[in-house]
Structures are given as structure tokens and as C-alpha cells.
Amino acid sequence: MNNPDILVIGGGIAGLSAAAALSKHARVAVLEAEDQVGYHSSGRSATMLHYALGDRLVRALTLASRPFFDNPPDGFTDVPIGRPMPVLIHTRDDEREALDRLEADLSAFAQLERLDAAGVHELCPLLKDDATHGIADRRGIRLDPHALLQGNLRQLRTHGGELHNGHRVAAIEYSTGTWTVTSDKGDRFSAPILVNAAGSWADEIAKLAGVQPLGLQPKRRTIITFDAPAGTDLEHLPFAKTVGDELYFAPESGRLFASPMDEVPSDPCDAQPDELEVALAAYRMEERTTVNVTRIHSRWAGLRTFTPDGHPAVDFAIDAPGFFWLAGQGGFGLQTSPAMTAIVESLIVGTDWPVADVLPQDLLADRFLA
Ligand SMILES: Cc1cc2nc3c(=O)[nH]c(=O)nc-3n(C[C@H](O)[C@H](O)[C@H](O)COP(=O)(O)OP(=O)(O)OC[C@H]3O[C@@H](n4cnc5c(N)ncnc54)[C@H](O)[C@@H]3O)c2cc1C
């Protein structure tokens, strides 16, 4: 299908979930540069749904997405798209005020339990004795990005939509109501609506299209995996995070994973882990827990891409008819994808506005334009 009604650039969670929803109303094609979907940020995430990420708007989008994850719709039930995993935010004595503030901020979104030192160690026996306070959300969800991506892809295809892998968009032209996109293979695709869901590359796509970029900033984040101490009950370990952005860790495929929560500005690229952040992850793990990270089993890095105010941009560009921004999902693009998708559907095909606590003007792309 080279002349769909809607052409989506990007086969990550943003592009695929939007395409799947839009394909119920229109003929949709997705162009993805890589041979597989989710190769970049969507396949490199920590995959946790929790409310300690972002601010009120991000939490509202997350809360609005929960029903989808709690009761996945038809087409997403073959393989679990997530499994329950408690979330523990822990502190030492000197960080207690920050925990109080976070608890106040999160209490409108999650049912939190305040924990003393005994409660913290009961939930996460790996933490050192200086972890003396905590809040727990027993309803966290560890998401499965591959099940989510495949579920969306199935929906897209069921409704007649198409994915074109291995098609890197190389040129974009606009003429009399039609966007024409040429891929690096020389194939041409045209549509009146072009959805820019290119993740870290979304500003590059805008520049190709002659649209003013938003000032997106990709930031690299690193994850390592390593063995847990013998006898660790991995089944019941939580996703454990320091109250400040220093460290999180959780069980991962029979081992543990950890991130030093690095946010290193980067150009859009195939992000690779940096030795310094790998070492920092191991150091902070040993600083906060009783685990010795003697051997790192695997490591990876991915980009989290932010708009200048940290909120996503989901909107038609004011300077280019039919050019739709779906960008700036930062570190929350998986857990907010159902709500973001319903917002895209509302703005493009006119379904009801889905999230009462978030207004269309909160997501306007033109808020960044001079
Ligand atoms: C380490 C880490 C931890 C994270 N933890 C969480 C978490 O716990 N919870 C959560 O919800 N989120 C988390 N995130 C964030 C989440 O992964 C992202 O917000 C989300 O994946 C962004 O999705 P996307 O579709 O916008 O980007 P991507 O998945 O990067 O997709 C964009 C796609 O566009 C394609 N593309 C780019 N240029 C072109 C072109 N010219 N032509 C064709 N295709 C193109 C790319 O190949 C890419 O596949 C984390 C991210 C990282 C890196």
C-alpha cells in the first residue's frame, strides 16, 4: 500500500500503537528503518509501569493507561503483556523528606503503603541496613514490550494496515495536500496525514519535511544484568528504586538488572553502553545493597527522548498541514502508550477525548515554537 490515508514513521511502541488504533478508521502504513520493530528505545526499556516517573501529567497518562494493562483488549491476550511486580521506593534516614514529598505527589495515583525498616527489608531483603524507610505500590506492572509491539502489529494487520520494515525515510515532500516520502530503497509512499513517531529522530524527520523541530533531546540510559546472590527469591523481589534518581534494580530473566539512572545527552543513534555508566551501575548496586556484582552478564543502553518541558508533543504541526507530532515520550513511553494512542485517535479521527485530567493544550507541539 503506497498511498494509504495515514503514513506513520517509526515502528516503536508510539508508532505501532498509534497505527494499530488508526487502522480501525483508515488505511494505515508504517515505515520503519530497521529490520525489526522495537529495535531502539522500545526494545531497551526497563519496562516498568510505576508512578515515580515524571510529573502530574505523566502520572495522569499512566493512570489512564492502566485499564488497558489490567484487562488487555482482544488481540493482546495470547501472550501476557505484563506481570504484577511491586514497586518499592526506599530511602536512608537523610533522604526522608524527599520520600515524604514523593508520597504526597503519588498518593492521588497509587495506593501506597508506608514501610519502616522491617517492612522495607521484608519486601526487598537485598537492601543494606541503612534503607530505613520506604513506600510500596503493590500494584506495579512489569510490562513485556515485545508482547505489546506484536499485539499492536497484529491489530494493524487485522485491520488491513501494513508495516514496511527496512525502509528508512530519506526524503519528504509536501504538495497540494499530500506528503510524499521516499525511503532509502527508493520506494515512494504518499498520504495526506504523516505521523512523526520516529522517537529520538523525530526532529530529524521534521527537518526533512521542512517543519520546525521542537528541540527534542535524546538522553542515554544504561542497564546491566548480573547474577543475584544464591538463594535469592527472584519471584517476589520488587522493582526497587532510590528516592532520588540514583539507582533502580529488579529481577530480570533469572538474574538482576540495574541502572544508575544516567541521563547523558546524546545525538539520535544506536545507543551503546558507556563503560563509566556500566561501572557506576555496579558501584551503586554495591553501595545500596548487599549484592556483589562480580561479573556483568549483559549491558545495553537506550535513548529516552524529551521535549524541552518533559511533556510529550501530540498534535498536528501548526506550520505544516497534515503533519502530526507523536514525540517526546521520555522515560514513560511504554506505560503511557494506551492513553497516548487514544489521544492520537481522538485528534486525528475525532473520537472522544480520552483522558479527563489531561487537556489537548497540554500536549500542543507549537508550545515550543518561537
Ligand atoms: C533504559 C531505558 C529505560 C526505560 N524505562 C521505561 C519504563 O520503565 N517505563 C516506560 O514506560 N518507558 C521506559 N522507557 C522509555 C520508553 O522505552 C520510550 O519512551 C519508548 O520506547 C519510546 O518509543 P518510541 O516509539 O517513541 O521510540 P523508538 O522505540 O525508538 O521508536 C522510534 C522508531 O523510529 C524509527 N525511525 C527513526 N528514524 C526513522 C526514519 N528516518 N525512517 C524510518 N524509521 C525511522 C526507529 O528505527 C525506531 O524504531 C525507558 C527507556 C530506556 C532507554
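## Nonpolar cores

In this predicted model, the largest nonpolar core (buried Ala, Val, Leu, Ile, Met, Phe, Trp, Tyr and Cys residues joined through side-chain atoms within 4.5 Å) has 62 residues, and those with the most contacts inside it are Ile-6, Val-195 and Leu-326. Helix 1, residues 13–22, gives the most to this core, with 6 residues; helices here are DSSP runs of H or I with at least four residues, strands are E runs of at least two, and both are numbered from the N terminus. Apart from this core lies another of 28 residues, among them Ile-172, Trp-179, Ile-205 and Ala-365.

Residues are numbered from 1 along each chain as its sequence is written. Local features of this predicted model need pLDDT of at least 70, side-chain atom pairs count only at pLDDT 80 or more, totals for chains, interfaces and linings use all residues, and side-chain values use heavy atoms, with hydrogens and water left out.

## Aromatic pairs

There are 9 aromatic pairs, counted where ring centres of Phe, Tyr or Trp (its six-membered ring) lie within 6.5 Å, with planes under 30 degrees apart called stacked, over 60 edge-to-face and the rest tilted. Tyr-51 and Phe-109 are stacked, because their ring centres are 6.2 Å apart and their planes at 20°. This pair links distant parts of the chain, 58 residues apart, and both Tyr-51 and Phe-109 are buried (under 20% relative accessible area, with exposed over 50% and partly exposed in between, for a 1.4 Å probe and protein chains only).

Phe-316 and Phe-324 form an edge-to-face pair, with 5.0 Å between centres and 85° between planes; Phe-316 is partly exposed at 26% relative accessible area, whereas Phe-324 is buried at 0%.
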